[in-house]
Amino acid sequence: MFGLSFPLDSGEMVRVLDPGTLNRDAGPDFFNAKVKINDRMWAGNIEIHMKASDWHRHGHSSDPAYDNVILHVVAHSDTRILRKDGSELPQMKVALPENFYHTFAYLTQTNSDIRCASRIQQIDALRRADWIETLTIERLQHKAARIEDALRDTHGDWNAACFITLARALGFGLNGIPFEMLAQSIDLNHLRRHTDNIIQMEAIFFGQAGMLDPNTYTGDRRYQLMCREYQFLARKYSMHPIPRTAWKFARTRPQNLPYRRIALLAKAMSEMPDLMQRIVQTGGDEDKLRPLFRWQVDQYWSRRLTFGGDCQTEANPPSLSEPSISVLLINVAAPLLYAYALLHCDHEMKEAAIALLTELPPERNAIIRSWQQLGLTAKDAGSSQALIHLRKEYCERHECLHCRFGHAILRSEIGRY
């Protein structure tokens, strides 16, 4: 299309000199484009629709964000579009084969979770591998952006940003948000004053989680001690707990309940309030990273899944399993190293963060299994992260037109034309 001239509905000729930048947010589809209509240069935005009348159906006529559109590209020119000043918006019709429209409608309208499921094996293997590799980096960048947000909120404190990132990861998806809320409600500087007293550390964490009530578990001496400690510390530091209703307990296996994981987080911060520095010092070496995440809860939690006097007959593992540690390396260590490398322009560390994902085993969950059934198998954590990102950021958001798989399928229809 670029460099060639096409007729407009008005009879004039247009040449797209620069398509501009693809916009994935609200507003016109392409920003800062350059076109030449007859002998006159225009700079602005480009909007694309299946039908020209979609301009009105989508409310663009009254949206100031579309005032600078210089070219309207459509498949069906069923109406002319007028600007607010009464002039006609340049409109170009692009003729495409009928199969293209059927495929386009299928990708944009079907209710399937993975809309290209029936066509994905038709895509060249090299193209699939290239998109997965790109998505691995995109996933890291996505997580790095969240860490940068945490850095801004904590005034550039890397240890505090690490604390928030770790807390969210310990939620293992189901309770990720309440764990993040918990970490955001706790001042790391206050924690550092109590790292030598695990009861006080747990009191802060469970108290801020909204899980301490002196009127319950009256026979549990440790629980009652934590309640008294929290009452004192909450007044001292003006702390206010998050709502207990934020936590999810329904349809959760006993081992996945948040109690022991909150205890693990308290233990981690009591032993390593400087966890971020330690992660950076490893240089991304997996053998050096794993020991940093092998915290062990004490005897109280080794035979309990929640508070109370009833103990289990068999002890629980005092620390996280190695697969769970792998998950933390994927969701904590690698993104933190990548974000740190970006902000410090450290190319070697950035490559180490990417290499760490390629060395770790792939995750095993429902999303990965659904891709495996379609013939896309994750060979390492990098590719499993890519497939998770593809599902969450493209499939579930119906972003087929911004996905390279969707592009490949639609281009195959044009190629037959």
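**Reading the calls in a predicted model**

Me: Why is Tyr-300 called buried?
Reply: Its relative accessible area is 9%. The cut-off for buried is under 20%. Tyr-300 falls under that limit, so the label is buried. Keep in mind that this is a predicted model.

Me: What makes Trp-301 buried or exposed?
Reply: Trp-301 has a relative accessible area of 0%. Set against the limit of under 20%, that makes Trp-301 buried.

Me: How many aromatic pairs does the structure hold?
Reply: There are 15. One of them joins Trp-131 and Tyr-394, with 5.5 Å between the ring centres and 75° between the planes.

Me: What makes Trp-131 and Tyr-394 a pair, and which kind is it?
Reply: Ring centres must lie within 6.5 Å, and 5.5 Å meets that. Planes over 60 degrees apart count as edge-to-face, and 75° is over 60, so the pair is edge-to-face.

Me: Which parts of the chain does this pair link?
Reply: Distant ones. Trp-131 sits in helix α3 (residues 125–153) and Tyr-394 in helix α16 (residues 381–395). The two are 263 residues apart. Both Trp-131 and Tyr-394 are buried.

Me: Why is the pair of Tyr-300 and Trp-301 called edge-to-face?
Reply: The ring centres are 5.1 Å apart, and the planes stand at 85°. The distance is within 6.5 Å and the angle is over 60 degrees, so the call is edge-to-face.

Me: Which rings are linked with Tyr-300 and Trp-301 in a cluster?
Reply: Ring pairs also bring in Phe-206, Tyr-217, Tyr-223, Phe-249, Tyr-259 and Phe-307.

Me: How do you know that Arg-222 and Glu-202 form a salt bridge?
Reply: Their N to O distance is 3.0 Å. The cut-off is within 4 Å, so the pair qualifies. Arg-222 lies in helix α8 (residues 221–237) and Glu-202 in helix α7 (residues 198–208), so the bridge ties together parts 20 residues apart in sequence. Arg-222 is buried, and so is Glu-202.

Me: How many salt bridges are there in total?
Reply: The count comes to 16. Among the linked residues, Glu-286, Arg-290, Arg-294 and Glu-322 make up a network of salt bridges.

Me: Why are Asp-274 and Arg-278 said to form a salt bridge?
Reply: Their closest N and O atoms are 3.1 Å apart. That is within 4 Å, so the salt bridge counts.

Me: What makes Asp-274 and Arg-278 partly exposed?
Reply: Asp-274 has 29% relative accessibility. Arg-278 has a relative accessible area of 29%. Buried needs under 20% and exposed needs over 50%, so 29% lands in between. Partly exposed is therefore the label for Asp-274 and for Arg-278.

Me: Arg-397 and Glu-393 form a salt bridge. Where does each residue stand, buried or exposed?
Reply: Arg-397 is at 52% relative accessibility, and over 50% means exposed. Glu-393 is at 14%, under the 20% limit, so Glu-393 counts as buried. The closest N and O atoms of this salt bridge are 3.0 Å apart.

Me: Which residues have the most contacts inside the largest nonpolar core?
Reply: Leu-166, Phe-205, Phe-206 and Phe-293 do, in a core of 82 residues. Helix α13 (residues 322–343) gives the most to this core, with 12 residues. Apart from it lies another core of 27 residues, including Cys-116, Ile-120, Ala-386 and Ile-409.

Me: What does Phe-206 contact beyond its neighbours within four places in sequence?
Reply: Its contacts include Met-211, Leu-212, Met-226, Tyr-259, Trp-301 and Phe-307.

Me: How many disulfides are there?
Reply: The count is 0. For Cys-116, the nearest cysteine sulfur belongs to Cys-395 and is 6.1 Å away. A disulfide needs sulfur atoms within 2.5 Å, so Cys-116 is in no disulfide.

Me: Why are Cys-116 and Cys-162 called buried?
Reply: Cys-116 is at 9% relative accessibility. Cys-162 has a relative accessible area of 1%. Each value is under 20%, so each cysteine is buried.

Me: What share of the whole chain is buried?
Reply: Buried residues make up 48% of the 417 residues. The chain has 17 helices and 7 strands.

Methods: Residues numbered from 1 in each chain as written. Predicted model: local features only at pLDDT ≥ 70, side-chain atom pairs only at ≥ 80, totals over all residues. Heavy atoms only, no water. Phe/Tyr/Trp six-rings, centres within 6.5 Å; stacked < 30°, edge-to-face > 60°. Helix = DSSP H or I, 4+ residues; strand = E, 2+ residues; numbered from the N terminus. Buried < 20%, exposed > 50% of the residue type's maximum accessible area, 1.4 Å probe, protein only. Salt bridge = Lys/Arg side-chain N within 4 Å of Asp/Glu carboxyl O. Core = buried A, V, L, I, M, F, W, Y, C linked by side-chain atoms within 4.5 Å. Contact = heavy atoms within 4.5 Å.
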